[in-house]
Amino acid sequence: KMLLRRQRKQWYQRRVRGMVTYLEGKTSTTGGVESRLSPEEQMNRMEAMRRARERLQAEVDAAAIEEISRQKEREEQQRQEKIEDWERHKRGLGYKSKGGTTTTKAPATLKRDNFNPLMGSGGSGGSYRPSRPNFSRGGGGG
């Protein structure tokens with residue numbers, strides 16, 4: 001019993017030491033890897049990170065400008081199509097078909113033409129059979 005108490009006490013002491021060490025590391029003003037670097041190396045690293053951020057931001061800005069120009073081109077093309085449709089309508093040729101070419105094709109279905117799910121022929125569940133009315137629960141019956 002005495003041995004168990006001593007082991008428990010040592011365990012608690014180790015636990016408390018670990019917590020104190022952890023908290024000291026959390027509250028220190030010098031953080032992690034940067035504390036091992038000289039101030040000049042820290043400044044170089046921060047400058048490199050700033051340049052990388054600027055480069056990425058420039059790429060994003062260029063992509064945004066390109067997308068805006070593409071959007072303007074699409075809007076201009078749609079505007080021209082509307083003008084052409086109106087001119088065609090004024091000449092009596094009618095509006096342009098919005099649907100394009102239509103072909104009548106029977107839709108492909110997976111079921112048979114004579115399929116009825118209540119008939120019970122084929123299928124995996126057998127036939128449909130409603131449950132019996134249960135009079136004790138107030139259901140159906142005469």
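Biologist: How many residues apart do E67 and R70 lie in helix α2?

Modeller: Quick groundwork: this is a predicted model, where local features need pLDDT of at least 70 and side-chain atom pairs count only at pLDDT 80 or more, while totals for chains, interfaces and linings use all residues. Residues are numbered from 1 along each chain as its sequence is written, and side-chain values use heavy atoms, leaving out hydrogens and water. Helices (H or I, at least four residues) and strands (E, at least two) are DSSP runs, numbered from the N terminus. E67 and R70 both belong to α2, about one turn of the helix from each other, and the spacing is three residues.

Biologist: What is the N to O distance where the side chains of E67 and R70 meet?

Modeller: An α-helix has 3.6 residues a turn, so residues three or four places apart point the same way. A salt bridge puts a side-chain nitrogen of Lys or Arg within 4 Å of a carboxyl oxygen of Asp or Glu. E67 and R70 make one, with an N to O distance of 2.7 Å.

Biologist: Which other residue meets R70 in a salt bridge, at 2.8 Å?

Modeller: Look four residues away in α2, about one turn of the helix from R70. The partner is partly exposed, at 46% relative accessible area (buried is under 20%, exposed over 50%, partly exposed in between, with a 1.4 Å probe and protein chains only). R70 is partly exposed too, at 36%. The side chain that R70 meets at 2.8 Å is that of E66.

Biologist: And E47 with R51: what is the N to O distance there?

Modeller: These two are four residues apart in α2 (residues 39–90), which means about one helical turn between them. E47 is partly exposed at 31%, and R51 is partly exposed at 47%. Their side chains form a salt bridge with an N to O distance of 4.0 Å.

Biologist: How many salt bridges does the whole structure have?

Modeller: Some of them join up: E47, R50, R51 and E54 are linked in a network. Searching the whole structure, the number of salt bridges comes to ten.

Biologist: How far apart are the end C-alpha atoms of α2?

Modeller: The expected span of a helix is 1.5 Å times one less than its number of residues. With 52 residues, α2 should span 76 Å. That agrees with the model, because the end C-alpha atoms are apart by 76 Å.

Biologist: What share of the chain's residues is buried?

Modeller: The chain has two helices and zero strands. Out of 142 residues, the buried share is 1%.
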